[in-house]
Amino acid sequence: MILVIKYLLFILVVLFVLGSAWYSVLSRREPDPLEKGRKRAVMNILLGGMLIALALMSMFLFRGSSINIVVEALFLLLGLFNLFSGLRSHGVYSRSKARGGSNV
């Protein structure tokens, strides 16, 4: 069962990395500032998910060392912050685009 969870987390990390790279490229090529911000927010959400998945994968792979626990906690906190920040930014850009405004 633990092996299945490890492989699932690894697949999630790979998908999050590929998705964030894709949205990074898309956001850099986007001329519209609102759409660029929305795509960067999605990239931030995916990076947060990747960090959370890395922290969980680290919890299943390594046992016990205090350095490992500190690194896992940092990854988890940074991932949660990225996830929250990306969700908040995505909401702001989506509402601003729906209103048709150009002020962010």
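Let's start at one residue: setting aside residues up to four places away in sequence, Asn 82 touches Asn 44, Ile 45, Leu 47, Gly 48 and Leu 51. Please keep in mind that this is a predicted model. Asn 82 lies in helix 3. Is Asn 82 buried or exposed? Asn 82 is buried, because its relative accessible area is 15% and buried means under 20%.

Now for the helices themselves. Helix 2 covers residues 33-61 and helix 3 covers residues 66-99; they pack with their axes 7 Å apart, at an angle of about 160°. Helix 2 is therefore roughly antiparallel to helix 3, since angles over 145 degrees count that way. As for handedness, helix 2 passes helix 3 in a left-handed crossing. The residues in this contact of helix 2 with helix 3 sort by class as follows:

| Class | Residues in the contact |
|---|---|
| Nonpolar | 18 residues |
| Polar | 12 residues |
| Charged | 4 residues |

Next, the core. In soluble globular proteins, nonpolar side chains tend to be buried together. Which residues form the largest nonpolar core here? This core has 6 residues, namely Leu 9, Val 13, Met 50, Leu 51, Ala 53 and Met 57. At least two residues of this core come from helix 1 (2-29), and at least two from helix 2. Helix 2 gives the largest share, with 4 residues.

One core member to look at is Ala 53. Apart from its neighbours within four places in sequence, Ala 53 is in contact with Leu 9, Val 13 and Phe 16. Leu 51 is also worth finding in the structure: this residue belongs to the largest nonpolar core and is touched by Asn 82.

Conventions: Residues are numbered from 1 along each chain as its sequence is written. This is a predicted model: local features need pLDDT of at least 70, side-chain atom pairs count only at pLDDT 80 or more; totals for chains, interfaces and linings use all residues. Side-chain values use heavy atoms; hydrogens and water are left out. Axes are lines fitted to C-alpha atoms, for helices over the stretch in contact, and angles run from 0 to 180 degrees between N-to-C directions. Angles under 35 degrees count as roughly parallel, over 145 as roughly antiparallel, 65 to 115 as roughly perpendicular and the rest as oblique. A crossing is left-handed if the near helix is turned anticlockwise from the far one by less than a right angle, and right-handed if clockwise. Ala, Val, Leu, Ile, Met, Phe, Trp, Tyr, Cys and Pro count as nonpolar, Asp, Glu, Lys and Arg as charged, and the others, Gly among them, as polar. A nonpolar core is a set of buried Ala, Val, Leu, Ile, Met, Phe, Trp, Tyr and Cys residues joined through side-chain atoms within 4.5 Å. Buried means under 20% relative accessible area, exposed over 50%, partly exposed in between (1.4 Å probe, protein chains only). Contact means heavy atoms within 4.5 Å.
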